[in-house]
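Reader: I'm more at home with gels than with models. Could you walk me through reading a few features?

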Amino acid sequence: GGDIMAELVFTHPGSHELVDLEHKRPEVRYVVGVTCILSIVGSGFIILSYLCFPGLRSRARLVLVHISIMDFGAALANFIGVAVNFDHYFLRPDCHYHHRMISQNCTIEPAVRHACVAQAAIAHYFTNGSFIWTICLSFYLYFLIVHNGTERGRYFLYFSHVFCYVMPLFITLWLLLTHKFGYAPYNSTGWCSLIGNNPITGERNIFVFVIGYDFWIVLAFTLVPLLSLTVHCYIKQELEKTSSLFSSERVWTALHSVDYKFLLIPVAFIILRIWSFIGSCLFLYGNVKAKNVPDPVMSILINFEGIGDSGQGFANGILFVLFTKKVREQFLSCFCCRKRGFLTSLRESRRLIAESSSTRKKPHIQYMEKTPTLTPTQSF
């Protein structure tokens with residue numbers, strides 16, 4: 001995250017405006033924080049479905065698990081940034097951002113600076129990893145379905161495991177060693193991110209954003225819809241070839257059951273990730289000044305960027321857990337079995353308690369039966 005605000009670092013002259021802006025951000029942080037939690041939960045369910053249910057395991061599902069691991073890490077890192085709220089440490093009256101320069105008397109504790117850089121680097125690694133794994137999932141489905149290549153798909157997965165973990169690590173280390181992670185004023189949620197401008201010298205390096213983030217998101221925007229559309233067209237052609245074997249209604253029902261899953265993968269990905277790319281095009285490459293953008297438009301951009309950068313795991317959880325019948329039924333059956341087992345154990349414990357209490361009462365009852373009843377004349 002943070003591409004939308006990369007150019008905004010130097011568009012407002014006074015630190016008092018930054019401090020005033022800090023008090024307008026809590027609602028944005030709350031929304032993004034909830035989104036991070038939902039994304040963590042959605043990614044966790046996908047990972048659990050693969051670990052707990054052997055019948056659901058497949059190579060495509062394994063790729064989805066790797067995507068979920070990346071989404072889990074990105075959402076967790078962003079949530080830590082939202083919870084820590086680095087605005088509190090960097091947006092202070094002694095920290096002026098004026099004419100592309102930061103005031104020299106702005107002293108930030110080293111621990112805060114290191115935590116900021118670490119949070120930004122971890123979030124960036126997992127975000128880029130999610131992009132690359134999403135592309136690899138589309139390629140794997142393309143090889144598997146269009147070319148009917150199980151062997152080719154398996155070899156591609158071997159390559160993907162190396163490339164999808166090593167390449168984001170290489171990029172992150174390069175950005176880390178060149179000091180391209182840090183705090184950006186006017187970031188939407190208070191977390192640290194990739195910074196293309198040096199706040200001390202004012203030097204601007206667009207190459208950092210191109211290689212560090214935008215190249216991979218453009219690659220994903222291009223390849224994921226293209227490959228999904230290719231798979232969609234291939235499935236449609238194959239169903240039309242076999243239409244003579246089934247009624248037309250069954251063909252279109254089968255086509256629809258396949259279509260929505262392949263179409264929703266690129267659609268959900270683009271809807272969530274497009275906002276940070278729009279910000280890059282406007283403020284970084286288009287040199288649009290933030291003061292020239294209407295406040296409602298700017299509010300939409302910063303809110304949707306924060307949600308989109310953290311919500312991929314939640315969207316995948318809905319798509320591949322809630323909207324996938326087999327996975328949904330497995331979780332429901334597991335929950336119902338645990339619920340029935342809990343109720344059964346509860347009834348059994350109540351029965352044992354009742355039996356033990358009745359056993360304790362029996363000697364007293366027998367004693368009362370054996371004790372002779374005294375008449376009034378026998379009492380004294």
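Author: We'll go through a helix pair, some aromatic rings and a few single residues. This is a predicted model, so to speak of local features we need pLDDT of at least 70, and side-chain atom pairs count only at pLDDT 80 or more, while totals for chains, interfaces and linings use all residues. Residues are numbered from 1 along each chain as its sequence is written, and side-chain values use heavy atoms, with hydrogens and water left out.

Reader: Okay, helices first. At what angle do the axes of H2 and H3 cross?

Author: Helices here are DSSP runs of H or I with at least four residues, and strands are E runs of at least two, numbered from the N terminus. An axis is a line fitted to C-alpha atoms, for helices over the stretch in contact, and angles run from 0 to 180 degrees between N-to-C directions. Helix H2 (residues 26-52) and helix H3 (residues 59-84) cross at roughly 150°, their axes coming within 8 Å. H2 and H3 are therefore roughly antiparallel (over 145 degrees; under 35 is roughly parallel, 65 to 115 roughly perpendicular, the rest oblique).

Reader: And how do I read aromatic rings? Which class does the pair Trp174 and Phe207 belong to?

Author: You describe a pair of rings by the distance of the centres and the angle of the planes. Rings of Phe, Tyr and Trp (its six-membered ring) pair if their centres lie within 6.5 Å; planes under 30 degrees apart are stacked, over 60 edge-to-face, the rest tilted. The structure has 19 such pairs. For Trp174 and Phe207, the centres are 6.0 Å apart and the planes at 75°, so this pair is edge-to-face. The two sit 33 residues apart, Trp174 in helix H6 (residues 150-177) and Phe207 in helix H7 (residues 206-241), so the pair links distant parts of the chain.

Reader: Are those two buried or exposed?

Author: In between: Trp174 is partly exposed at 29% relative accessibility, and Phe207 is partly exposed at 48%. Buried means under 20% relative accessible area and exposed over 50%, with partly exposed in between (1.4 Å probe, protein chains only).

Reader: Which residues have a positive phi without being glycine?

Author: Asn85 is one, with a phi of about 60°, and His179 also has a positive phi of about 60°. Asn85 lies in the loop between H3 and helix H4 (87-90) and is buried at 12%. His179 lies in the loop between H6 and strand S3 (181-182) and is exposed at 67%.
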